[in-house]
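Please open the structure in your viewer and keep the selection panel at hand. The tour goes from the whole chain to a pair of helices, and then to single residues.

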Amino acid sequence: MSELLYQTLRSRATVFHMALVFCFLALFLMTDAACAQNVVRRTANVVAAVNPFAQGQYVPETEVVQQDAPGLYNVRSQNLQWRSNLGKNYSALIWFPTTPPLLGQKFSVVVYSHGLGASAEQFSYLGKIWARHGVVTILLRHPESDESVWRGKLRPMNELKEAYHKYWSARDRALAIRSAIDLVYSSNRSAGPLGADVDLERIGVAGNDLGALAALQVAGQLPPDNGASLKDTRVSCVLAMSPTVFCDAASGAQVYANIDVPTMVVTGTNDNGIVGQTKAHERRIPYDNIREADRYLVTLRGGDHRVYGGHALPQKQAQVEPYHETISIATTDFFVAYLQADSTVMQRMRAYAYSNPLSNAQVESSFGRRAVKDYDVGESSRPRRAKRSDKTASTVNRTNRLR
């Protein structure tokens, strides 16, 4: 009996030992596979450093918009990283169409810079709708002055003020915008969302708060730090939402004299600075002093400085949605008109001050000289280079009060 018990226990021990061997073998194989996968990832990152659109430079898609959303194209968003010619690393969230452009057309591009304490993700509502209309949108990230500066901190306002004192001139943001435009040009012959389907003649810049200041500098505004000009002649139009303003009305003509591309300024009646000192009535100074191109001013009734990206407080966030809808309508029309050169939308834009499709905003517009490009509305949907005689075009001011 004891011999039988001994043999039984011995056989069970053998089975147990074999099970342990198999477990260790499986663990070894899993570890080896993980190491191999890491090698592949590292290799992909090395390749990506050479080609911005190589495998490993994008993260998997975060969202796909169905065809029942407004616009012509299905779109998706991906993260993008690249190194500038000066050796600085940049990142962005890019929204782009997943289907080819319509026959005979190409996609345009907008480079967007968010404001102090904000994030690229907060403005995905714009990137999504612009991409739906054929405008590839690069939402830049500014990690030194984004929401990470204040979120979760004991004294968030103090942190924001410290970041503002470092980056008040927005020169870093303007350089990031210019680097993104360089990336668009260098990627134009490669595969990816910035490839051959993108028209290099149709690049716009946009921003909010300090990002709007940066966009205006890239369009030709004199830098507030009195440094070298940041103007980029590759820019076809500019959108400035709640721009930070460092000049008074009297000196505005000199500060904004070199902006010669179509411009839209969006502000609100309560758009006073939270950290910066710009008051609501000063946000319109860029609009009032741009003379060389078509310009639009959209003033959101009751809109404050936080409505563009959204309020942190849930009870106030619900109040932001109508403003987001208005901003989406106005800015999409602006880019479709001046980047996509859609003559129908162009005519609608020029009637904005009369028809005012924006129920919670006041619209003003002024049509001036375009020293760089002119748009022949009605005869062709393609932009044409301005002639010398175009500079004699008169300026018409149109204002529509809120009803």
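**The whole protein**

Begin with the whole protein in a cartoon view, where 10 helices and 12 strands are assigned; bear in mind throughout that this is a predicted model. If you then colour by accessibility, buried residues make up 49% of the 403 residues in the protein. Switching to a surface view, you are looking at about 19900 Å² of exposed area, of which carbon and sulfur atoms supply 55%. A contact map is worth opening alongside, for among the contacts between residues at least 6 apart in sequence, 72% join residues at least 24 apart.

**A pair of helices**

Select residues 171–186, which form helix α4, together with residues 210–219, which form helix α5. Two packed helices are described by the angle between their axes and by the distance between those axes. Here the axes of α4 and α5 come within 8 Å and cross at roughly 60 degrees, which makes α4 oblique to α5. The crossing of these two helices is right-handed. Now show side chains at the contact: α4 contributes R173, A174, I177 and R178, while α5 contributes L210, G211, A214, A215 and V218. Sorted by character, the residues of this contact divide into 6 nonpolar, 1 polar and 2 charged.

**Two residues with positive phi**

Before the next selections, recall that most residues other than glycine have a negative phi. Step to D209, which sits in the loop between β5 (198–208) and α5. Although D209 is not a glycine, its phi is positive, at about 60 degrees. With a relative accessible area of 11%, which is under the 20% cut-off, D209 is buried.

Move on to S242, in the loop between β6 (237–241) and α6 (252–255). S242 is another residue other than glycine with a positive phi, in this case near 50 degrees. Is S242 buried or exposed? Its relative accessibility is 0%, and S242 therefore counts as buried.

**From S242 on to α6**

Follow the chain from that loop into helix α6, and select Q254 there. Q254 has a relative accessibility of 59% and so counts as exposed, whereas S242, in the loop before α6, counts as buried. To place Q254 relative to another part of the chain, add I290 to the selection and draw a distance between the two C-alpha atoms: they are separated by 9.6 Å, with the two positions 36 residues apart along the chain.

**Two more loops**

Next, select S119 in the loop between β3 (107–113) and α2 (124–132). S119 counts as buried because its relative accessibility is 6%. Which residues does S119 touch, not counting residues up to four places away in sequence? Show H114 and E147, for these are the residues that S119 touches once those sequence neighbours are set aside.

The last stop is A341, found in the loop between α8 (314–338) and α9 (343–350). A341 has a relative accessibility of 5% and so counts as buried. Leave A341 selected and add S108, which belongs to β3 by its number in the range 107–113. Although A341 and S108 are 233 residues apart along the chain, their C-alpha atoms are separated by 10.0 Å.

Notes:
Residues are numbered from 1 along each chain as its sequence is written. This is a predicted model: local features need pLDDT of at least 70, side-chain atom pairs count only at pLDDT 80 or more; totals for chains, interfaces and linings use all residues. Side-chain values use heavy atoms; hydrogens and water are left out. Axes are lines fitted to C-alpha atoms, for helices over the stretch in contact, and angles run from 0 to 180 degrees between N-to-C directions. Helices (H or I, at least four residues) and strands (E, at least two) are DSSP runs, numbered from the N terminus. Angles under 35 degrees count as roughly parallel, over 145 as roughly antiparallel, 65 to 115 as roughly perpendicular and the rest as oblique. A crossing is left-handed if the near helix is turned anticlockwise from the far one by less than a right angle, and right-handed if clockwise. Contact means heavy atoms within 4.5 Å. Ala, Val, Leu, Ile, Met, Phe, Trp, Tyr, Cys and Pro count as nonpolar, Asp, Glu, Lys and Arg as charged, and the others, Gly among them, as polar. Buried means under 20% relative accessible area, exposed over 50%, partly exposed in between (1.4 Å probe, protein chains only). Accessible areas come from the Shrake-Rupley method with a 1.4 Å probe; for residues, only the protein chains shown count as cover.
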